[in-house]
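Below is a set of questions and answers about how some descriptive terms are applied to one structure. Each answer sets a value against the cut-off behind the term.

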Amino acid sequence: MRRMRGGGGDDRINTCLPEELIVGILRRLDSKPSHDACSLVSKRWLALDRLSRTTLRIGATGNPDVYVNLLSRRFVNVRHVFVDERLNISLPFHLGSLARRRGKKSSSYNKSEEDGVETNTLSDAGMAALGEGFPKLEKLSLIWCSNVSSVGLTSLAEKCRLLKSLDLQGCYVGDQGVAAVGKCCKQLEDLNLRFCEGLTDACLVELASGVGKSLKSLGIAACVKITDVALEAVGLHCKSLESMSLDAESIHNKGVLAVVHGCPALKVLKLQCINVTEDVLIAVGSCCSSMEFLALYTFQRFTDKGLCAIGSGCKKLKNLTLSDCYFLSDKALESIAIGCKELTHLEVNGCHNIGTLGLESIGKSCPHLTELALLYCQRIGNFALSEIGRGCKFLQALHLVDCSSIGDEAICSIAKGCRNLKKLHIRRCYEIGNKGVVAIGEHCRSLTDLSLRFCDRVGDEALIAVSQCSSLQYLNVSGCHQIGDAGLIAIARGCAELTYLDVSVLQNLGDMSLAELGEGCPNLKDIVLSHCRQITDVGLNHLVKNCTMLSSCHMVYCQGITSAGVASVVSSCPNIKKVLVEKWKVSQRTKRRAGSIIYYLCVDL
């Protein structure tokens with residue numbers, strides 16, 4: 001925003017705007033760059049921006065304890081904090097020095113900082129600083145923060161008593177810390193304990209008794225010491241529980257049945273428990289009439305009987321995932337189709353006994369289906385998808401992976417019947433060729449996301465038809481060897497909104513297509529050119545000349561691209577964040593200029 005000044009140098013606009021209006025503007029901003037830009041308008045806007053920010057994202061690598069100390073003094077109304085060990089965010093030296101000077105006055109400051117030892121991950125001192133600096137915290141996410149222990153979690157729980165959501169994925173906290181959360185945070189609704197390997201039944205028993213009235217969502221995975229005893233406590237105390245995710249070999253029927261019988265409001269259930277049998281599904285069908293989302297992974301101890309119970313009792317079911325459930329047959333899907341007519345999402349992955357008849361029944365009975373994923377389903381053929389095309393007019397997303405019996409006939413039926421299709425992902429379905437994809441281009445003009453990975457029969461003719469889908473934003477044709485310049489040129493001329501393109505392993509692609517992409521697709525942000533042997537620096541220069549929004553470029557094993565081409569990408573694209581290339585193609589000058597964004601597939605190349 002430009003500031004308008006009078007003859008005396010006064011800022012006329014900003015002095016007239018009431019604070020409530022400015023805060024209202026700031027709250028409508030949906031990105032950090034927008035907030036940062038507005039905070040530069042004036043000192044007044046900067047102060048109001050700090051007051052209006054409610055969410056912070058912090059990388060746990062790079063002095064996070066110092067970072068927390070600094071941020072807690074600047075942003076006092078923060079409600080949501082996300083700390084992710086996978087994010088690498090280093091604090092500038094002058095800000096780090098400022099935080100150290102201020103931190104020494106605080107008891108929460110990490111003692112190792114005073115001794116000159118730099119902390120590289122969030123520690124218990126950082127947790128104490130979070131608690132002291134953000135007492136109104138409602139949502140905290142700690143992803144793989146391995147240095148956080150029960151001491152830090154306890155100190156935070158005692159200060160942040162309004163906490164409603166806590167994600168401890170990959171944190172090595174113990175029973176004492178989780179028990180403290182149950183004792184202090186009586187409004188807790190959402191708790192994720194995935195990969196918290198040190199926890200035992202004791203902490204969940206205390207937690208359930210402490211926050212049982214408020215807890216709505218619980219996730220447990222790879223917690224080998226948690227058994228049925230903990231789940232019995234959950235079933236006894238957590239009557240408002242709506243969502244549970246379980247991935248544990250130590251859990252048996254007894255524990256899951258306690259949750260099913262004790263939590264009548266259960267709507268979401270995700271199970272990957274090899275020791276659980278179909279008795280659990282029978283109980284779900286009889287007790288959980290509000291069930292909307294059911295995901296079953298690697299179940300080898302139940303048959304169609306369990307799914308029949310779900311179909312009979314869970315009439316509100318909308319989302320169903322069946323993965324590696326080897327003993328399910330068409331009868332299971334027929335029961336779901338007959339009983340769960342509100343189904344909108346279905347994924348069948350590696351269920352080798354489910355075939356055409358089962359999916360055909362879904363097409364006939366589930367008209368509200370919007371997303372279908374079939375992965376490694378060798379027995380499902382064309383007629384099943386033809387029925388989906390006739391009966392599921394609202395289908396918007398279709399995923400097909402290694403379905404060898406599905407071909408052009410099926411895709412043509414989908415194209416003609418599901419004209420609202422926006423997303424189509426096909427991988428290694430070798431019976432699908434130009435005919436099916438041409439039909440998609442002619443009938444599904446709302447398509448925004450298309451992936452045709454390693455579909456050998458798809459060529460230029462298909463892409464020429466797809467170029468009619470002017471809203472296309474994502475295109476992946478990796479490994480489609482018949483595609484060449486003609487197809488990509490058509491895409492460049494017809495799909496101006498394209499932002500992502502993967503043309504890796506296309507041996508017939510040359511510089512002409514890159515030049516056309518540069519002219520026709522100025523919004524391109526990510527491109528993958530790896531293993532395209534005919535592309536040279538000439539085509540790359542034409543591409544980056546106009547695609548100034550490019551943020552990532554992968555170009556390993558491109559024989560025609562040299563160090564000059566790599567340098568042109570770095571110098572021409574101000575928003576570039578990642579360049580993947582062989583090490584020997586990066587000159588010393590390019591390393592000095594953009595070493596932080598250069599990535600190597602193999603350091604010895």
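Q: What counts as a helix or a strand here, and how many of each are there in the protein chain?
A: Helices are DSSP runs of H or I with at least four residues, and strands are runs of E with at least two. By that criterion, this predicted model has 26 helices and 21 strands in its protein chain.

Q: Why is the protein chain called as compact as a globular protein of its length?
A: Its radius of gyration is 28 Å, and the globule rule gives 25 Å for 605 residues; the two values are close, so the chain is as compact as a globular protein of that length. Along the principal axes, the C-alpha trace spans about 70 × 65 × 55 Å, and 55% of the 605 residues count as buried.

Q: What makes cysteine 366 a residue without a disulfide partner?
A: A disulfide requires two cysteine sulfur atoms within 2.5 Å, whereas the closest cysteine sulfur to that of cysteine 366, in cysteine 392, is 6.9 Å away and therefore too far for a bond. Cysteine 412 is likewise in no disulfide, the nearest cysteine sulfur being that of cysteine 444 at 10 Å. The structure as a whole holds zero disulfides.

Q: How do you know whether cysteine 366 and cysteine 412 are buried or exposed?
A: Buried means under 20% relative accessible area. Cysteine 366, at 0%, therefore counts as buried, and cysteine 412, at 10%, counts as buried too.

Q: Why is phenylalanine 327 called partly exposed?
A: The term covers values between the 20% limit for buried and the 50% limit for exposed, and phenylalanine 327 has a relative accessibility of 48%, so it counts as partly exposed. This residue is found in the loop between strand E10 (319-323) and helix H16 (330-339). Leaving aside neighbours within four places in sequence, phenylalanine 327 is in contact with Gln300, Phe302, Thr303, Asp304 and Asn353. Its C-alpha is 8.2 Å from that of histidine 352, although the two residues are 25 apart in sequence.

Q: Which residues have the most contacts inside the largest nonpolar core?
A: They are Leu374 and Met555, in a core of 178 residues; membership requires buried residues of nonpolar type joined through side-chain atoms within 4.5 Å. Beyond its neighbours within four places in sequence, methionine 555 is in contact with residues including Leu529, Leu540, Ile561, Val566 and Val581. A second, separate core has eight residues, among them Ile22, Val23, Leu26 and Val41.

Definitions and conventions. Residues are numbered from 1 along each chain as its sequence is written. This is a predicted model: local features need pLDDT of at least 70, side-chain atom pairs count only at pLDDT 80 or more; totals for chains, interfaces and linings use all residues. Side-chain values use heavy atoms; hydrogens and water are left out. Buried means under 20% relative accessible area, exposed over 50%, partly exposed in between (1.4 Å probe, protein chains only). Contact means heavy atoms within 4.5 Å. The radius of gyration is taken over C-alpha atoms; the globule rule is 2.2 Å times the number of residues to the power 0.38.
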